[in-house]
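Colleague: Hey, got a minute to walk me through this model? I'm new to this, so plain words please.

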Amino acid sequence: MKLSQFKFKLPEEQVALEPSYHRDECRLMVVHRKSGKIEMTKKDDEGNDLTDEEGNPVYLEFRNILDYFDEDDTFIFNDTKVFPARLYGTKEKTDAKIEVFLLRELNPDLRLWDVLVEPARKIRIGNKLFFEDDGPMVAEVIDNTTSRGRTLRFLYDCPHDEFKRELFGLGEAPLPRYIVDKREATEEDMDRFQTIYAKNEGAVTAPASGLHFSRELLKRMEIRGINFSYITLHCGLGCFDPIEVEDLTKHKMSSEQMFVSKEACEIVNKTKMEGHRVCAVGVSTARATESAVGTDGYLKEFEGWTNKFIFPPYEFGLSNALVANFYHPESTMMMIQCAFGGYDLVYEGYKKALKNGYKFGCYGDAMLILDD
């Protein structure tokens, strides 16, 4: 397919800048890929759309997702943990304000980090950056990696655990640029831009579809007898990289580290063997499991990196349900979603979402795609 096929006009007011007050109360659209049915509203006992006192439709909420699953179905969650990757420093001598976005630690002993800097034109090898007024956190630029990429060596002599604690204490939630260009990140964002089941630190952006799951919802799912399987894919910024080629076969995704344990495989594969539903929570989970699924359709243990890029047409080998958000035009996330649900049907869902005021982005509303 072509990049231009994923282009649409997204009104600025439909990009969510704040999360729902409760995690599980955003809107939910349910797409049935075989029948082509799209559900948006709650129904009465006779199957008619419910309306409020003013005659407005009563939309499905995310917590209603429970109505579409049964005992022994399995949800696969990405348990990566976001760290406070965005921090601000000043350049020596000029005091110019510099944004530093931590990507990954290269060498714990030498305090080396792979980062992005903005504005990059001001930052050269040998420059020093200060992160506190008269504070001890100082970094030296030792290499240029890309146009915006740099390698920093932090000049901080202390045990590594203490260094990480101090470094992360200076950072803030790494909200997407489309949010921080409109408002500043808050302390609350560090909690809300994190799934409640986050465990393994390493992500610089949240697996956003998992943000909708509350503790109450997970408990209700557990009571129903639904299984939980956890894999790890450390979400990077590759999903936000602009695609600069019209022919999607020529786009290269950035690599992300991932882990699939034996325990995760056993839970998922037992579900498949017994004919129950397997739901991938988020496109990051879908990418990870498709990187680790065998030709027999069963999940395999995996430890390594993936740069798998999924776009239509693509036949998924593992999951038969997907939880996703509503994404920006021409994004790789939307392409994975369209590959799973079918381009025409998902695109129709997007048109309905735009018409009915659904919110887009990581803090926006959700779509559930079912194989029925």
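Colleague: Let's start with a loop. Where is Asp 95 found?

Modeller: Asp 95 is found in the loop between β5 and β6. Strands like these are DSSP runs of E with at least two residues, helices are runs of H or I with at least four residues, and both are numbered from the N terminus. Before we go on, this is a predicted model: local features need pLDDT of at least 70, side-chain atom pairs count only at pLDDT 80 or more, and totals for chains, interfaces and linings use all residues. Residues are numbered from 1 along each chain as its sequence is written, and side-chain values use heavy atoms, with hydrogens and water left out.

Colleague: Got it. What is phi of Asp 95 near?

Modeller: Phi of Asp 95 is near 60°, a positive value in a residue other than glycine. Most residues other than glycine have a negative phi, and most peptide bonds are trans. Lys 93 lies in the loop between β5 (86–91) and β6 (97–107) too, and Lys 93 has a positive phi of about 70° although it is not a glycine.

Colleague: Are Lys 93 and Asp 95 buried or exposed?

Modeller: Lys 93 counts as exposed at 82% relative accessibility, and Asp 95 counts as exposed at 59%. Buried means under 20% relative accessible area, exposed means over 50%, and partly exposed is in between (1.4 Å probe, protein chains only).

Colleague: You mentioned peptide bonds. Which ones are cis?

Modeller: One is the bond from Glu 118 to Pro 119, with omega near 0°. Pro 119 sits in the loop between β7 (112–118) and β8 (128–130). Another cis bond runs from Pro 312 to Pro 313, with omega near -10°, and Pro 313 is in the loop between β15 (302–306) and β16 (321–325).

Colleague: Switching topic: how many salt bridges are there?

Modeller: A search of the whole structure finds 23 salt bridges. Each is a side-chain nitrogen of Lys or Arg within 4 Å of a carboxyl oxygen of Asp or Glu. Side chains of opposite charge can pair when their charged atoms come close.

Colleague: Can you show me one? Which residue does Arg 63 pair with?

Modeller: Arg 63 meets Asp 24, at 2.8 Å from N to O. The pair links distant parts of the chain, 39 residues apart: Arg 63 is in the loop between β2 (38–39) and β3 (74–78), and Asp 24 is in the segment before β1 (28–32). Arg 63 is partly exposed at 24% relative accessibility, while Asp 24 is buried at 7%.

Colleague: What about one inside a helix?

Modeller: Try Glu 222 and Lys 219, whose side chains meet in a salt bridge of 3.9 Å, N to O. Both residues lie in helix α4 (residues 215–224), three residues apart, about one turn of the helix. An α-helix has 3.6 residues a turn, so residues three or four places apart point the same way. Glu 222 is partly exposed at 46%, and Lys 219 is partly exposed at 45%. There's a network as well: salt bridges that share partners join Asp 24, Lys 42, Glu 61 and Arg 63.

Colleague: Now helices. At what angle do α7 and α8 pack?

Modeller: Helix α7 (residues 332–341) and helix α8 (residues 343–355) pack at about 120°, with their axes 6 Å apart. That makes α7 oblique to α8. Angles under 35 degrees count as roughly parallel, over 145 as roughly antiparallel, 65 to 115 as roughly perpendicular, and the rest as oblique. The axes are lines fitted to C-alpha atoms, for helices over the stretch in contact, and angles run from 0 to 180 degrees between N-to-C directions.

Colleague: Which residues of α7 take part?

Modeller: Met 334, Gln 337, Cys 338 and Gly 341 in α7 meet residues of α8 including Tyr 343 and Leu 345. Contact means heavy atoms within 4.5 Å. Cys 338 is buried, with a relative accessible area of 1%.

Colleague: How many disulfides does the structure hold?

Modeller: Zero. A disulfide would be a pair of cysteine sulfur atoms within 2.5 Å.

Colleague: Last one: why is α6 called largely enclosed?

Modeller: Nine of the 10 residues of helix α6 (residues 283–292) are buried, so α6 is largely enclosed by the rest of the structure. Among the buried ones are Arg 287 and Glu 290.
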